Amino acid sequence: MIARAIDEHVVTSGKPLPHSLSLLILPLCLHKNTRLILAKSNRSYFLKVVEEHPQLLVGFPERARSMFPFCQEGLALLAKKGCIDVNDQGALSLRPKTVRKTVSGTDETRECQQVAKYLGRQFSRISDRATIYASLGVRP
């Protein structure tokens, strides 16, 4: 999921995904109620979705904190397998031909991957980490 978000961010903006934003992907994708709202809203602007669905914010800071070790583990695995590059500012980009482009798996895993792609695209369009974090009620 993190790789999908990184790739979509780079494709949309031409810039790598800031590390701090990569930590938001799993808490947003793996929480079923949040994922369902984001999946239905995949054509809407992320900040508008958060504003229209305040239930997304309930428990999010705790979820983000509890998912931190798993996010770091996922990033470490991507780095160990040579799938990502990290620039001097700590932003992440996916190396070409290291992760399959095809979204596959069970219905749930495909939905998680699609939401991750949506988040990567939306984060690139917002282009301001502070705004994204503030909208979710957390600090980087």
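User: Where is the place of Ser22?
Analyst: This is a predicted model. Ser22 belongs to a helix that covers residues 19-22. That element is helix H2.

User: Is Ser22 buried or exposed?
Analyst: The cut-off for buried is under 20% relative accessible area. Ser22 has 0% relative accessibility, so Ser22 counts as buried.

User: Leaving aside neighbours within four places in sequence, which residues is Ser22 in contact with?
Analyst: Ser22 sits in H2 and counts as buried. Beyond its neighbours within four places in sequence, its contacts are Ile2, Leu17, Cys71, Leu75 and Leu92.

User: What is the order of the three strands in the open sheet?
Analyst: The sheet is open and its pairing is antiparallel. S1 and S2 stand at the edges, each with a single partner strand. One side of each is therefore left without a neighbour in the sheet. The order is S1-S3-S2.

User: How many bridges join strand S2 to S3?
Analyst: S2 covers residues 84-86 and runs antiparallel to S3. One bridge pairs Val86 with Leu92 of S3. The number of bridges between S2 and S3 is three.

User: Which residue in S3 is the bridge partner of Leu17?
Analyst: Strand S1, residues 17-18, pairs with S3 in the antiparallel sense over two bridges. Val86 has Leu92 as its bridge partner in S3. For Leu17, the bridge partner in S3 is also Leu92.

User: Which residues point the other way from Ala91 and Ser93 in strand S3?
Analyst: S3 covers residues 91-94, and all four named residues are buried. Ala91 and Ser93 point one way. Pointing the other way are Leu92 and Leu94.

User: Which residue in the turn of the S2 and S3 hairpin has a positive phi?
Analyst: The hairpin has four residues between its strands. A phi of about 85° is found in the turn. The residue with that positive phi is Gly90.

User: At what angle to S3 does helix H1 run?
Analyst: H1 covers residues 2-13. The helix lies across S1, S2 and S3. Its angle to S3 is about 95°.

User: Which residues is Pro16 in contact with, leaving aside neighbours within four places in sequence?
Analyst: Pro16 is in the loop between H1 and S1. With a relative accessible area of 26%, Pro16 is partly exposed. Its contacts beyond four places in sequence are His9, Val10, Asn87, Ala91, Leu92 and Ser93.

User: What distance separates the C-alpha atoms of Pro16 and Val58?
Analyst: Along the chain, Pro16 and Val58 are 42 residues apart. In space, their C-alpha separation is 29 Å.

User: At roughly what angle do the axes of helix H4 and helix H7 cross?
Analyst: H4 covers residues 32-40 and H7 covers residues 107-126. Their axes come within 9 Å. The crossing is left-handed. The axes cross at roughly 65°.

User: By class, what residues does the contact of H4 with H7 have?
Analyst: H4 contributes Arg35, Leu36, Leu38 and Ala39. H7 contributes Glu108, Glu111, Cys112, Val115, Tyr118 and Leu119. By class, the contact has seven nonpolar, no polar and three charged residues.

User: Is Thr34 buried or exposed?
Analyst: Thr34 lies in helix H4. Leaving aside neighbours within four places in sequence, Thr34 is in contact with Leu28, Leu56 and Arg63. Its relative accessible area is 2%, so Thr34 is buried.

User: What distance separates the C-alpha atoms of Arg100 and Arg4?
Analyst: Arg100 is in the loop between S3 and H7. Arg100 is exposed, with a relative accessible area of 66%. Arg4 is 96 residues from Arg100 along the chain. Their C-alpha separation is 9.5 Å.

User: What is the radius of gyration of the protein chain?
Analyst: The chain has eight helices and three strands. In sequence, the pattern is α-β-α-α-α-α-α-β-β-α-α. The globule rule gives 14 Å for 140 residues, so the chain is as compact as a globular protein of that length. The radius of gyration of the chain is 14 Å.

User: What percentage of the 140 residues in the protein chain do buried residues make up?
Analyst: The C-alpha atoms fill a box of roughly 40 × 35 × 30 Å along the principal axes. Among contacts between residues at least 6 apart in sequence, 71% join residues at least 24 apart. The buried share of the 140 residues is 45%.

Technical notes: Residues are numbered from 1 along each chain as its sequence is written. This is a predicted model: local features need pLDDT of at least 70, side-chain atom pairs count only at pLDDT 80 or more; totals for chains, interfaces and linings use all residues. Side-chain values use heavy atoms; hydrogens and water are left out. Buried means under 20% relative accessible area, exposed over 50%, partly exposed in between (1.4 Å probe, protein chains only). Two strands pair if DSSP finds at least two bridges between them. Axes are lines fitted to C-alpha atoms, for helices over the stretch in contact, and angles run from 0 to 180 degrees between N-to-C directions. A crossing is left-handed if the near helix is turned anticlockwise from the far one by less than a right angle, and right-handed if clockwise. Contact means heavy atoms within 4.5 Å. Ala, Val, Leu, Ile, Met, Phe, Trp, Tyr, Cys and Pro count as nonpolar, Asp, Glu, Lys and Arg as charged, and the others, Gly among them, as polar. The radius of gyration is taken over C-alpha atoms; the globule rule is 2.2 Å times the number of residues to the power 0.38.
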